[in-house]
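These are my notebook entries on one structure, set down in the order in which I looked things up.

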Amino acid sequence: MILLEYQGKEIFSSYGIKIPKSHLASNVYEAIEAAKDIGFPLVLKSQLMVGGRGKAGAILKCRTEEEIKQKFEELMKKEVKGELPKSILLEEMADIRKEFYLSFFLNRTKRCYSIIASSQGGVEIESVKDRIIMDVPIDGITSDLASSVANDIGLAGNEKIAFIEFIQKLSKLIYEKEAELAEINPLALLGDGTFVALDAKVILDDNALFRHEDLKKYEELSELESQAKENGFSFVELDGDIAIIGNGAGLVMSTLDMVTDAGGNAGAFLDFGGRATTESIYQALKVISKVKKIKTILVNLFGGIVRTDLVAQAILKAYHDNTIQVPVFARITGAESEKAREMLIESKAKLFNTVEEAINAAVKY
Amino acid sequence: MSNKFDLFDILIGKESDDDFKKKPVIIQGMTGSFGSTHTRLMKEYGTNIVAGITPGKGGQSFEGIPVCDTVKEAVEGTAAKISGIFVPAPFFLDAAKEAIDNGIKLLVAIPEHVPLIDSLKILEYAKKKGAIMVGPNTPGIIVPEVMKVGIMPAKPFVQGSTAVFSRSGTLMYEVSHTLTQSGYGQRICFGIGGDPINGTNLIEAFNLVRDKDDINSIVVVGEIGGDAEEKLAEYIISTNFEKPVVAYVAGRAAPKEKKMGHAGAIVYGNYGSAESKVSNYARASVPVAKRPGEVPDLLTSRLKK
């Protein structure tokens with residue numbers, strides 16, 4: 001789960017990590033109230049999951065209330081990489097002496113947590129040559145390691161002590177909240193010698209949420225997403241008109257690629273997981289039926305132990321009670337596939353022997 | 001990375017062994033609906049399942065297999081070194097630790113949704129105790145026509161000399177099925193797992209079969225997310241890997257920053273993208289199939305070279 005900046009900062013703050021004075025606003029009245037508390041000048045920061053907000057002009061400086069009125073509305077309407085904000089964070093302008101980069105992340109390659117730090121902050125880290133990467137033991141960062149990171153980015157004396165304290169708090173947060181990433185860019189050293197997190201990008205481990213009641217509030221699922229989740233499906237809404245359903249994430253991804261190659265546009269990705277029953281397929285069709293623009297449903301089910309007649313039964317049930325009206329093109333391998341074919345012969349569903357044939361039929365429809 | 005670890009020794013043993021092809025396997029979480037269905041199927045396939053573990057159900061039996069309360073009891077007298085773990089994700093950490101503590105050397109970790117920190121902890125513990133883990137979020141391992149520890153259907157697989165390593169379950173079945181239909185049987189098929197952290201990664205899997213004379217080629221089924229394919233390509237180049245390799249990468253058309261079903265299948269910027277994987281494979285002269293059905297043809301042309 002990717003958190004918005006203000007959410008990440010809430011968690012930072014609960015670990016004693018210093019953040020600038022800020023308030024969240026979802027309308028201009030709230031923004032003006034917030035500005036009274038923060039004072040001018042301040043910055044408006046669009047709350048988006050996507051990166052590159054600064055470059056895209058989604059972070060704006062304001063000196064007066066008039067400016068807030070105008071720029072707030074502007075930001076709320078401003079789409080960045082297809083994403084619109086639901087709220088804007090108003091934040092005080094910090095008295096910055098120097099900017100750094102710091103991130104703590106799950107290193108998939110090395111299978112441990114690693115730190116990236118640099119004395120050049122505020123720019124895209126990929127473009128920075130002068131950065132260090134260090135691996136962190138599973139039980140958290142040691143003070144020796146923190147000290148060596150501080151040395152490597154050129155810190156000494158009290159600044160070094162302040163940095164070590166900062167990174168230890170961040171380490172504690174990562175392990176306790178089970179985050180995959182906590183990136184602070186820029187991390188600012190202020191005039192008073194303290195470090196403050198000017199930005200926050202936090203990604204939490206979805207699979208660990210069951211033991212973090214306090215973090216569940218950040219999970220923002222659309223109605224369809226929560227319906228899919230309740231049924232144990234993986235579901236992603238896309239832009240096109242072909243809904244793709246299958247058993248297994250890899251298989252559905254592969255089908256999505258082939259649909260795209262054949263000139264089709266996928267409108268939904270739904271993996272109903274390992275166990276296909278009449279009920280689970282029916283529920284999958286129910287979720288799909290609520291996705292707008294869907295013209296056809298493509299089912300790619302590679303079964304072995306799956307009984308295809310149970311799948312056919314689910315499709316018939318969904319047609320019968322009008323859950324779906326659009327045609328279903330299906331490739332279903334597994335036990336009883338002849339029986340399934342006969343069951344569907346009178347319906348709007350059609351079974352194919354290969355996935356390529358099913359895709360062609362769906363794309364041409 | 002340990003080259004000394006012989007996967008086949010653990011899985012099927014040597015011809016001189018009394019229990020050649022009949023190595024004892026225990027199943028943790030055998031009595032759940034998932035565990036019991038697959039225990040029956042594994043047994044039918046020829047896997048020598050000697051005990052199941054479900055705390056509180058010790059003394060019962062299922063399909064003639066005794067159920068024990070603890071791994072310790074299950075291992076006593078059976079000398080099992082392999083465990084198939086079928087417990088729900090929240091119980092995985094304890095189950096895996098118990099297995100390692102009681103001498104299990106190969107953990108096949110089936111559950112999906114295991115927290116990443118739990119995977120990291122088990123991985124470190126396994127290394128310390130000289131065990132290896134496959135998964136989590138894996139369909140398991142199959143040595144076609146000999147045995148399987150996992151949830152894969154039997155039908156797609158026949159004995160042969162190709163190894164299939166896959167980050168996805170159903171794609172492993174699909175690709176093996178197309179190989180089988182084209183006359184390419186498999187010596188071993190092995191699910192790496194769909195999570196960001198894999199107990200045995202692609203490079204380690206390659207190391208496990210690198211010196212096997214009865215394996216003449218490898219098919220790698222990958223997907224978007226992470227850099228496992230990129231690292232594998234580097235490994236193939238830097239170690240002069242000699243066996244022909246053919247790849248498939250799922251997720252070319254997936255949107256960025258969206259988790260495509262698997263916890264590990266997510267692209268951030270260019271990191272984890274299909275383009276990056278395909279171009280790295282190209283540098284290692286590994287052909288990449290556009291769709292699963294194309295894999296056998298690519299393999300044929302690689303084997304001719």
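**Entry 1: the interface between the chains**

I began with the contacts between the chains of this predicted model. I found 48 residues of chain B in contact with 37 residues of chain A. On the side of chain B that touches chain A, helices α5 (116–128) and α6 (169–181) of chain B each supply at least two residues. I noted that α5(B) gives the most to that side, with six residues. I then sorted the residues of the side of chain B that touches chain A by type, which gave 25 nonpolar, 10 polar and 13 charged.

**Entry 2: chain A as a whole**

I turned next to chain A and counted 11 helices and 16 strands in it. The C-alpha trace of chain A spans about 80 × 50 × 35 Å along its principal axes. Of the 365 residues of chain A, I recorded 44% as buried. I also looked at contacts in chain A between residues at least 6 apart in sequence: 67% of them join residues at least 24 apart.

The domain assignment divides chain A into domain 1 (21–92), domain 2 (96–216) and domain 3 (223–364). I took the centres of domain 2 and domain 3 of chain A over C-alpha atoms and found them separated by 43 Å.

**Entry 3: a four-stranded sheet**

In which order do the strands of the open sheet of four strands in chain A lie? I read the order as β1-β4-β2-β3, with antiparallel pairing. β1 (22–25) and β3 (59–62) of chain A each have a single partner strand and stand at the edges, so one side of each is left without a neighbour in the sheet. From one strand to the next, the twist averages 25°.

I examined one pairing of this chain in detail. Strand β2 (residues 42–46) and strand β4 (residues 88–92) of chain A run antiparallel and are joined by five bridges. I traced S46(A) to its bridge partner in β4(A), which is I88(A).

**Entry 4: strand β11 of chain A**

Are the faces of strand β11 (residues 234–237) of chain A covered or open? I found both covered: S234(A) and V236(A) on one side, and F235(A) and E237(A) on the other, are all buried. As general background, side chains in a regular strand alternate between the two faces of the sheet. β11(A) runs antiparallel to strand β13 (residues 266–271) of chain A, and four bridges join the two. Within this pairing I noted F235(A) opposite L270(A) of β13(A).

**Entry 5: nonpolar cores**

L270(A) came up again when I looked up the cores. The largest nonpolar core has 195 residues, and those with the most contacts inside it are I244(A), F269(A), L270(A), L298(A) and L107(B). I followed L107(B) further: leaving aside neighbours within four places in sequence, L107(B) is in contact with S83(B), I85(B), A96(B), A99(B), A126(B), A131(B) and M133(B). A second, separate core has 17 residues, among them L24(A), A58(A), I68(A) and L89(A).

**Entry 6: one residue of chain B**

My last look-up was A274(B), which is found in helix α9 (residues 274–283) of chain B. Is A274(B) buried or exposed? I counted 22 other C-beta atoms within 10 Å of A274(B); the cut-off for a buried residue is 20 or more, and A274(B) is therefore buried. Beyond neighbours within four places in sequence, A274(B) is in contact with I224(B), V249(B), G251(B) and R252(B). For V149(B), which is 125 residues from A274(B) in sequence, I computed a C-alpha to C-alpha separation of 30 Å.

Technical notes
Residues are numbered from 1 along each chain as its sequence is written. Chains are lettered from A and ligands numbered from 1 in the order in which they are written. This is a predicted model: local features need pLDDT of at least 70, side-chain atom pairs count only at pLDDT 80 or more; totals for chains, interfaces and linings use all residues. A residue is buried if 20 or more other C-beta atoms lie within 10 Å of its own, exposed if 12 or fewer, and partly exposed in between; C-beta atoms are placed from the backbone. Two residues are in contact if their C-beta atoms, placed from the backbone, lie within 7 Å. Ala, Val, Leu, Ile, Met, Phe, Trp, Tyr, Cys and Pro count as nonpolar, Asp, Glu, Lys and Arg as charged, and the others, Gly among them, as polar. Two strands pair if DSSP finds at least two bridges between them. Axes are lines fitted to C-alpha atoms, for helices over the stretch in contact, and angles run from 0 to 180 degrees between N-to-C directions. Domain bounds come from an automatic or database domain assignment. A nonpolar core is a set of buried Ala, Val, Leu, Ile, Met, Phe, Trp, Tyr and Cys residues joined through C-beta atoms within 7 Å.
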